[in-house]
Amino acid sequence: MRMEFLSMPILITKFENHKEIKSKLLNDIEMTSKNNLRDDYQSISNTDWHINSKMDRPYYETIKPIILQTLVHLINDLKLADLGVEYNLTQTNYWFQQYEQGDFHTWHDHVSSFYNNVYYVELPENGAKTTFSILNKEYEFDVKEGDILSFPGTIFHCSKPNISQSRKTIISFNTDFNKKG
Ligand SMILES: [Fe+2]
């Protein structure tokens, strides 16, 4: 057996209107039905993960421009049009997560997703960024509040415990790449 490597593009894009929409988005999230998730794999104080993936949330209209901007970046920056095949790139689901102090999410993937995207709505200075693991080596990228991190759904990643007293809030959404016909 031999092991070869391909480098994988990770995109970090900024949502320029983040400051303008942040408080509305947090209010919209506040009005959304939410649960906590606490087991060996995660401790997440608030999430709407349990809501049917096809159902719209109160914050959908507010995050629609972020989703659309991300789809355009994936198409352009990954040069999908240059593949020479007709395709549909779609957002399949979305959900929010709020990490209070000590909250975490252990290693997992989004294996059925083309690219997974994380929008950092609230990210304290020393708050946990997304950590990736490839062959036991960990990677973190310099992301800030208002950024969208896009990465292939097969990469294992986690959110290490939030050591900040401030809350971390993210909205995550998966995408599908389907060849037409
Ligand atoms: Fe994830």
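In the predicted model, strand E6 (residues 115–122) and strand E9 are antiparallel and are joined by five bridges. Within this pairing, Tyr119 has Ile148 of E9 as its bridge partner. E9 spans residues 147–152 and also pairs with strand E1 (residues 11–14), again in antiparallel fashion, through four bridges. On the E1 side, Leu11 stands opposite Ser150 of E9.

E9 is largely enclosed by the rest of the structure, because six of its six residues are buried. In a regular strand, side chains alternate between the two faces of the sheet. For E9, one side carries Asp147, Leu149 and Phe151, the other carries Ile148, Ser150 and Pro152, and both faces are covered. The loop that leads from strand E8 (137–140) to E9 contains Phe141. This residue has a relative accessibility of 32% and therefore counts as partly exposed, the buried class being under 20%.

Phe141 also belongs to a nonpolar patch on the surface, together with Met1, Met3, Phe5, Met8, Ile12, Ile134, Leu135 and Tyr139. The accessible area of the patch is about 950 Å² in total.

Nonpolar side chains tend to be buried together in soluble globular proteins. In this model the largest nonpolar core comprises 25 residues, and the members with the most contacts inside it are Leu25, Tyr59, Ile63, Ile66, Tyr119 and Ile171. At least two residues of this core come from each of helix H1 (18–30), helix H2 (60–77), strand E4 (87–99), E6 and strand E11 (168–179). The contribution of H2 is the greatest, at six residues. Tyr119 thus appears both in the core and in the pairing with E9.

An iron ion is bound by three protein donors, the NE2 atoms of His108, His110 and His157, lying 2.1 Å from the ion. The spacing of these donor residues in sequence is H-x1-H-x46-H. His108 in strand E5 (residues 104–108) and His157 in strand E10 (residues 156–159) are 49 residues apart, and this pair links distant parts of the chain. His108 and His157 are both buried.

The structure holds 13 salt bridges. One of them joins Lys24 to Asp28, with 3.2 Å between the closest N and O atoms. Both residues lie in helix H1, four residues apart, about one turn of the helix. Lys24 has a relative accessible area of 46% and is partly exposed, whereas Asp28, at 5%, counts as buried.

A salt bridge in helix H2 connects the side chains of Lys64 and Glu61, at 3.8 Å from N to O. These two residues are three positions apart in the helix, about one turn. Lys64 is partly exposed at 31% relative accessibility, and Glu61 is exposed at 55%.

Lys180 and Glu86 form a further salt bridge through their side chains, at 3.7 Å from N to O. This pair links distant parts of the chain, with Lys180 in the segment after E11 and Glu86 in the loop between H2 and E4, 94 residues apart. The relative accessibility of Lys180 is 41%, so this residue counts as partly exposed, while Glu86, at 54%, counts as exposed. Elsewhere, Lys129, Asp142 and Lys144 are joined into one network by salt bridges that share partners.

Notes:
Residues numbered from 1 in each chain as written. Predicted model: local features only at pLDDT ≥ 70, side-chain atom pairs only at ≥ 80, totals over all residues. Heavy atoms only, no water. Donors = N, O, S within 2.8 Å, 3.2 Å for Na, K, Ca; no water. Buried < 20%, exposed > 50% of the residue type's maximum accessible area, 1.4 Å probe, protein only. Patch = residues over 30% accessible without salt bridge, like charges linked within 9 Å, V, L, I, M, F, W, Y side chains within 5 Å. Areas by Shrake-Rupley, 256 points an atom, 1.4 Å probe, with all protein chains shown as cover. Salt bridge = Lys/Arg side-chain N within 4 Å of Asp/Glu carboxyl O. Pairing = 2+ DSSP bridges. Core = buried A, V, L, I, M, F, W, Y, C linked by side-chain atoms within 4.5 Å.
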